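Let's walk through this model together, from its overall layout down to single side chains. Have the viewer open and follow along as we go.

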Amino acid sequence: YFPNKLHQQLINSPFVLLGLEQRFDVIALIDGGGISGQAGAMRHGISRALNEIDRDANRAELKKAGFL
């Protein structure tokens, strides 16, 4: 859905930050806004989900990076 490499990097950045590449499959429904806004919303949603999985290990890094 996101053919632009910049948007793909934006979406994958929470996984890269936490060293969790290739460990999760993401299914998302995003409505409204432009493509850049949707990519940002998806990054935020992924970050929130990763935070819920393990707050003690993930929250500080995600917060410091500005993803939460």
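Among contacts in the protein between residues at least 6 apart in sequence, 61% join residues at least 24 apart, where a contact means heavy atoms within 4.5 Å. This is a predicted model, in which local features need pLDDT of at least 70 and side-chain atom pairs count only at pLDDT 80 or more, while totals for chains, interfaces and linings use all residues. Residues are numbered from 1 along each chain as its sequence is written, and side-chain values use heavy atoms, with hydrogens and water left out.

How far can you trust the coordinates? The score to look at is pLDDT, the predictor's confidence in each residue, from 0 to 100. Its average over the protein is 95, and 100% of the residues score at least 70. Among the elements, helix 1 has the highest mean, 97, and helix 3 (residues 55-64) the lowest, 95. As a general caution, predicted coordinates should not be read in detail where pLDDT is low.

Now for the layout. The secondary structure comes to 3 helices and 0 strands, with helices (H or I, at least four residues) and strands (E, at least two) taken as DSSP runs and numbered from the N terminus. Along the sequence the pattern is α-α-α. The radius of gyration, at 12 Å, is close to the 11 Å that the globule rule gives for 68 residues, so the protein is as compact as a globular protein of that length; the radius is taken over C-alpha atoms, and the rule is 2.2 Å times the number of residues to the power 0.38. Along the principal axes, the C-alpha atoms fill a box of roughly 35 × 20 × 20 Å.

What share of the 68 residues counts as buried? The figure is 26%, with buried meaning under 20% relative accessible area, exposed over 50% and partly exposed in between (1.4 Å probe, protein chains only). The largest nonpolar core has 11 residues in all: Phe 2, Ile 11, Phe 15, Leu 18, Leu 20, Ala 39, Met 42, Ile 46, Leu 50, Leu 62 and Phe 67. Such a core is a set of buried Ala, Val, Leu, Ile, Met, Phe, Trp, Tyr and Cys residues joined through side-chain atoms within 4.5 Å. Helix 1 and helix 2 each supply at least two residues of this core, and helix 2 gives the most, with 4 residues. Leaving out residues up to four places away in sequence, Leu 20 touches Phe 15 and Leu 50.

The aromatic rings deserve a look too. Rings of Phe, Tyr and Trp (its six-membered ring) pair if their centres lie within 6.5 Å; planes under 30 degrees apart count as stacked, over 60 as edge-to-face and the rest as tilted. By this rule there are 2 aromatic pairs. Tyr 1 and Phe 2 have ring centres 4.9 Å apart and planes at 85°, so this pair is edge-to-face. Phe 15 and Phe 24 form a stacked pair, 6.1 Å centre to centre with 25° between the planes. Tyr 1 is exposed at 72% relative accessible area, whereas Phe 2 is buried at 12%. In the stacked pair, Phe 15 is buried at 9% and Phe 24 is partly exposed at 35%.

From Tyr 1 we can step across to Gln 38, which has its place in helix 2 and is buried, with a relative accessible area of 9%. The side chain of Gln 38 makes a polar contact with the side chain of Tyr 1 at 2.9 Å. A polar contact is a pair of N or O atoms within 3.5 Å; within protein, one must be able to donate a hydrogen and the other to accept it, and residues adjacent in sequence count only if both atoms are side-chain atoms. Beyond four places in sequence, Gln 38 touches residues including Phe 2, Ile 30 and Asp 31.

Also in helix 2 is Arg 43, partly exposed at 22% relative accessible area. Arg 43 and Pro 14 are 29 residues apart in sequence and 7.0 Å apart in space, C-alpha to C-alpha. Not counting residues up to four places away, the contacts of Arg 43 include Leu 10, Pro 14 and Phe 67.

Finally, find Gln 22 in the loop between helix 1 (5-18) and helix 2 (35-53). Gln 22 has a positive phi of about 65° although it is not a glycine, and at 82% relative accessibility Gln 22 counts as exposed.
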